[in-house]
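Visitor: Could you take me closely through one part of this model, the place where two helices pack against each other, and then show me how that part connects with the rest of the chain? I would like to follow it residue by residue.

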Amino acid sequence: MAFISFASLVSESNRLYNFRDVGSTVPLIQGSRLYRCAFPTSPDALTQAAIYSKSIVDLRTSVEKSRLPGALGLTIYNRSVIPPKLKVALFLLTNASWTQKWYLLYDWMTTFSLSRAFRSALNRQGLFGTNKLLLRGAQNEICEALNTVLFELESNQSVLITCTAGKDRTGLIISLILGCVGVPQCDIVNDYVQSAEQIQSEAPEFYSYLSVRLANEGLDATEWIKSPSHVMQDTLGYLDTEYGGLLSYLDLIGFGKDKQLRLTYP
């Protein structure tokens, strides 16, 4: 859910949306170590999150965050994985066909809003295109997030990774962690797919809210609300073709073999 400002979620619910212990569903991952969810939206929800982990890696941008008092003993790391605006613009321009560039120019001239025009271009890129944008344009930010996860696993034994919906940015970071420790690609894909299904089945009001909000932001809710298998399959394939594999990508961004080994056996 990149670039979307959610000032408040559904009635600041006390629930933990899209919450799960990754080790409970993914082979090779020890239980009660790695958690994921949508960001807790109330002090009570933060307190509930603290039951599972004393550390949260928050992947949201500053404009998505509302001020909430932290739960006692809970550390929240701000680790946005959204690239700088210039990198976003360059990515959208270099990855656009000539037809899409004309659309971008048209959107800009008709709306007089460059940000709205780029949002429209991002909409045409879709979820897979956004993952490519993050992998290419936010390498330092992704490495910093992974360093924080490693630090917390080594020092506090557990960590909760979160973003607005706990689906896309969280799903990308989780996929890198799972691939690093040797989880088969089919299980990485299954973990990603589970997010939208879990939100829709367990919290239909949150699912509906996200759909409406996405549409209001000019994004195709039928595309962005989902977590289809082909998005993660294409993302893992992109890592293979563009970087020589997930582990080679981690090497490139500064999360080298020593850290990869420590993440596997923290």
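Guide: Happy to. Helix 5 and helix 12 are oblique to each other, because an angle between 65 and 115 degrees would be needed to call them roughly perpendicular and one under 35 to call them roughly parallel, while theirs is about 45°. Please keep in mind that this is a predicted model. Helix 5 covers residues 139–155, helix 12 covers residues 257–264, and their axes are 10 Å apart. The crossing of helix 5 past helix 12 is left-handed.

Now to the residues that touch. Helix 5 brings Asn-147, Val-149, Leu-150, Leu-153 and Glu-154 to the contact, and helix 12 answers with Lys-259, Arg-262 and Leu-263. Sorted by class, the residues where helix 5 meets helix 12 are four nonpolar, one polar and three charged.

Let us stay in helix 5 and pick out Leu-146, which lies in that helix. With a relative accessible area of 2%, Leu-146 is buried, because buried means under 20%. Setting aside neighbours within four places in sequence, Leu-146 is in contact with Ile-173, Ile-177, Leu-250, Ile-253 and Phe-255. Leu-146 also gives you a handy distance towards helix 12: its C-alpha is 9.1 Å from that of Leu-263, although the two are 117 residues apart in sequence.

Several of these names come back when you look at the nonpolar core. The largest one has 65 residues, and those with the most contacts inside it include Ile-173, Leu-250, Phe-255 and Leu-263. Ile-142, Ile-161 and Tyr-249 are also on that list. As a general background, nonpolar side chains in soluble globular proteins tend to be buried together.

Tyr-249 deserves a stop of its own. Not counting residues up to four places away in sequence, Tyr-249 touches Leu-134, Leu-135, Gln-139, Ile-142, Leu-176, Leu-239 and Tyr-243. There is also a second, separate core of twelve residues, and Cys-37, Ala-45, Ala-49 and Ala-50 are among them.

Tyr-249 leads us on to another helix pair. The axes of helix 6, residues 169–180, and helix 11, residues 246–253, come within 9 Å and cross at roughly 110°. Helix 6 and helix 11 are therefore roughly perpendicular to each other. Here too the crossing is described as left-handed, with helix 6 passing helix 11. On the helix 6 side, the contact is made by Ser-175, Leu-176, Gly-179 and Cys-180; on the helix 11 side, by Leu-246, Leu-247, Tyr-249 and Leu-250. The class count for the contact of helix 6 with helix 11 is six nonpolar, two polar and no charged residues, while the contact of helix 5 with helix 12 has three charged residues.

One further pair is worth setting beside these. Helix 7, residues 185–202, and helix 8, residues 204–216, have axes that come within 5 Å and cross at roughly 115°. Ala-196, Ile-199, Gln-200, Ser-201 and Glu-202 of helix 7 make this contact with Pro-204, Phe-206 and Tyr-207 of helix 8. Where helix 7 meets helix 8, five of the residues are nonpolar, two are polar and one is charged.

Stepping back to the whole chain, you can count twelve helices and five strands. Of its 266 residues, 53% count as buried. Among contacts between residues at least 6 apart in sequence, 74% join residues at least 24 apart.

Finally, a few single residues to find on your screen. Leu-86 sits in helix 2, residues 85–94. Leu-86 counts as exposed at 61% relative accessibility, because the cut-off is over 50%. The C-alpha atoms of Leu-86 and Gly-137 are separated by 9.6 Å, with their positions 51 residues apart along the chain.

Two other residues stand out by their backbone. Asn-18 is not a glycine, yet has a positive phi of about 55°; Asn-18 is in the segment before strand 1 and is buried, with a relative accessible area of 3%. Leu-28 likewise has a positive phi, near 80°. The place of Leu-28 is the loop between strand 1 and strand 2, and at 63% relative accessibility Leu-28 counts as exposed.

Technical notes
Residues numbered from 1 in each chain as written. Predicted model: local features only at pLDDT ≥ 70, side-chain atom pairs only at ≥ 80, totals over all residues. Heavy atoms only, no water. Core = buried A, V, L, I, M, F, W, Y, C linked by side-chain atoms within 4.5 Å. Buried < 20%, exposed > 50% of the residue type's maximum accessible area, 1.4 Å probe, protein only. Contact = heavy atoms within 4.5 Å. Axes fitted to C-alpha atoms, helices over the stretch in contact; angles between N-to-C directions. Helix = DSSP H or I, 4+ residues; strand = E, 2+ residues; numbered from the N terminus. Parallel < 35°, antiparallel > 145°, perpendicular 65-115°, else oblique. Left-handed = near helix turned anticlockwise from the far one by under 90°. Nonpolar A, V, L, I, M, F, W, Y, C, P; charged D, E, K, R; others polar.
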